[in-house]
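I am opening a fresh page to write down what I looked up in this structure, going strand by strand and then to the interior.

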Amino acid sequence: MSAMRRAIHSCCLFLSVTIVVLQAPALADSVPFWGAKASVPIDTPITQLKKGEFLWMAEAVTTGPVVMVVSITEQRAYVYRNGVLIGATTVSTGRPGHQTPTGVFTVLQKQKEHRSTIYDGAPMPYMERLTWGGVALHAGGLPGYPESHGCIHLPTEFAQRLFDISPNGMTVVIGTDATAPERVAHPGYLAPVKFVGGQPIEPQPFAPTEEERWQPELSPSGPVSIVLSQGSRRVVVYRNGIEIGRARLTVVGDAPLVNHALVLTEGPSTVPDPYVPDPTKFSWLRIGVPGHMGEQGTQVDPNAVARLKLPADFIARLNGLLTPGATLLVTNEALYPQTTGPMVQVVDADPPAKRQPVHPGG
C-alpha cells in the first residue's frame, strides 16, 4: 500500500470512529423519558394519580419479598414489599387486538437497555420479561388508556426504581374485573396476593366480638412490617411477607391521621410511647418519604400517639417480637375493598420447548 493510500485509509478510519462517537449520544438521546420525574406526596390518594404520575416510597420498607399487581381495569400497577405498599403507578396496557394477558407471571429476564426486535427497534428501557411470547414490563408511553402492543408501559423513573429492587423471579399478577377478585382488580395498601404463587388472599373478617388475631407461627422469622389504617380501623402485621396478626384500631377524634412511615431504632424515646418494646431503649423515627422528606429522623408526634387505642394484649405480643429495623406505615386510607370474585387465571411462565424466545415487543 502506498503512503498516500495508507494516509487515506487512516483518515477514513478516523472519520468512521468519529462518526460513531458523535452518533452515540444521539442514540442515547433518542430514548424518550416518559411520565413524571418524581413521586407524588405520600398523602396523595392512589385513585387520584393522573396519567404518567406515580407514588414511590420504597424507603418505608427495605427488606422482605416483592410482588407486583397490575390492574388493567384501573390502568394502574402496585408494588408491595413484605406485604406493604411501597409503590403505585399509572400504566398503559395492551390495546384492542393486542391485549395484555391476565394471570400470574414471574420475571424471567431483566435488561436495562432493550429495543424491540418486533416493532422497528422501539426503545424499551428497564425491560422485565414476563412471557417468552413478548410481554414485558418496561418504560413506555402513557396516554391514559390501553395503547401498548401487549406490554405494560410504566413511567421511566418508576420503571428504573422498580428495576433496581425487583429480583428475577418476582411474582407479577395481572387482573381485571372479569378475571380477578375485587381486591386484585382494585388493590390497596396490603398485598392482595401471596408472594409465592400469586394466588389471591381473602382474609377472614373479624367475628362481632373478636378484637384481635395473633398467629406468629404462620411466619416464624423474617422482617416485620406494620400497617396502621384509620380508614379501615385496623392494624395489620406482616412478617416475611405473610400476615401474622391484626387488631381493631380506635382513633380518638375525627381529624385524619397524617400519613407517615417510621422505623424502629435503638435509642430512648423522648415522647410517651406504649408502642415500643422498651421506651428507654427504643424509639420510632420517621422516614423521609415523598411529601415529608424534611421529617427524616424525627420522633413521633405525642399527640398523635395519644389518639391511638389498641388491645393491650395485642400490643404486648407485638412488642415482644419487634426489633430495630421493623417498619410502620400510618395511613388514613382504607386497606382494601371487602368484596370477592372469581379466582385469577394462572398463565404458564415457563419457556416454550424447542424454540428461541421472542423479544418483548412493546
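**Entry 1: the six-stranded sheet**

I began with F105 and found that its bridge partner in β10 is V172. This is read from a predicted model, and I keep that in mind for every entry below. The pairing belongs to β5 and strand β10 (residues 171-175), which run antiparallel and are joined by four bridges.

I then traced the sheet around this pair, which is open and has six strands in the order β1-β4-β3-β2-β10-β5, with mixed pairing. At its edges stand β1 (54-56) and β5 (103-106), each with a single partner strand, so one side of each is left without a neighbour in the sheet. From one strand to the next, I note a twist that averages 20°.

I also looked for a helix against this sheet, and noted that helix α2 (residues 156-165) lies across β1, β2, β3 and β4, running at about 35° to β1.

**Entry 2: strand β3 and its two partners**

Is strand β3 enclosed by the rest of the structure or left open, and why? I counted six of its six residues (76-81) as buried, so the strand is largely enclosed by the rest of the structure. Going through the two faces, I found R76, Y78 and Y80 buried on one side, and A77, V79 and R81 buried on the other.

On one flank, strand β2 (residues 66-71) pairs with β3 in the antiparallel sense over six bridges, and I noted R81 in β3 as the bridge partner of V66. The hairpin of β2 and β3 has four residues between the strands, and Q75 there takes a positive phi near 55°.

Strand β4 (residues 84-90) also pairs with β3 in the antiparallel sense, again over six bridges, and R76 stands opposite T90 in β4. In the hairpin of β3 and β4 there are two residues between the strands, and N82 takes a positive phi near 55°.

**Entry 3: the nonpolar cores**

Before looking inside, I reminded myself that in soluble globular proteins nonpolar side chains tend to be buried together.

Which residues touch the most other members of the largest nonpolar core? In this core of 62 residues, they are M68, L137, L154 and V172. I checked which element gives the most to this core, and it is β2, with five residues.

I returned to V172, where the first entry began, and listed its contacts beyond four places in sequence: M68, V70, G103, V104, F105, V107, L130 and L137. F105, its bridge partner, is therefore also among the residues that V172 touches.

I found a second, separate core of 30 residues, which includes F282, I315, L322 and V330.

**Entry 4: H138**

I looked up H138 next, which lies in strand β8 (residues 136-139). Is H138 buried or exposed? I have it as buried, because its relative accessible area is 2%, and the cut-off for buried is under 20%.

Leaving aside its neighbours within four places in sequence, I recorded contacts of H138 with M124, P125, Y126, M127, C151, I152, H153, L154 and G362. I152 is 14 residues away from H138 along the chain, and the C-alpha atoms of the two are separated by 6.5 Å.

**Entry 5: the seven-stranded sheet**

I then followed an open sheet of seven strands, with mixed pairing and the order β11-β14-β13-β12-β19-β16-β17. The edge strands are β11 (212-214) and β17 (282-286), each of which pairs on one side only. Neighbouring strands here are turned by 20° against each other on average, with direction ignored.

Within this sheet I looked at strand β12 (residues 224-229) and strand β13 (residues 234-239), which run antiparallel and are joined by six bridges. S229 stands opposite R234 in β13.

Helix α5 (residues 312-319) lies across β11, β12, β13 and β14 (242-248), and I noted that the helix runs at about 25° to β11.

**Entry 6: whole-chain figures**

I closed the page with the totals, starting from five helices and 19 strands in the chain. Of the 362 residues in the chain, 51% are buried. Among contacts with a separation of 6 or more, 67% are between residues 24 or more positions apart. The accessible surface of the chain comes to about 16800 Å², and 58% of it belongs to carbon and sulfur atoms.

Technical notes: Residues numbered from 1 in each chain as written. Predicted model: local features only at pLDDT ≥ 70, side-chain atom pairs only at ≥ 80, totals over all residues. Heavy atoms only, no water. Pairing = 2+ DSSP bridges. Axes fitted to C-alpha atoms, helices over the stretch in contact; angles between N-to-C directions. Contact = heavy atoms within 4.5 Å. Buried < 20%, exposed > 50% of the residue type's maximum accessible area, 1.4 Å probe, protein only. Core = buried A, V, L, I, M, F, W, Y, C linked by side-chain atoms within 4.5 Å. Areas by Shrake-Rupley, 256 points an atom, 1.4 Å probe, with all protein chains shown as cover.
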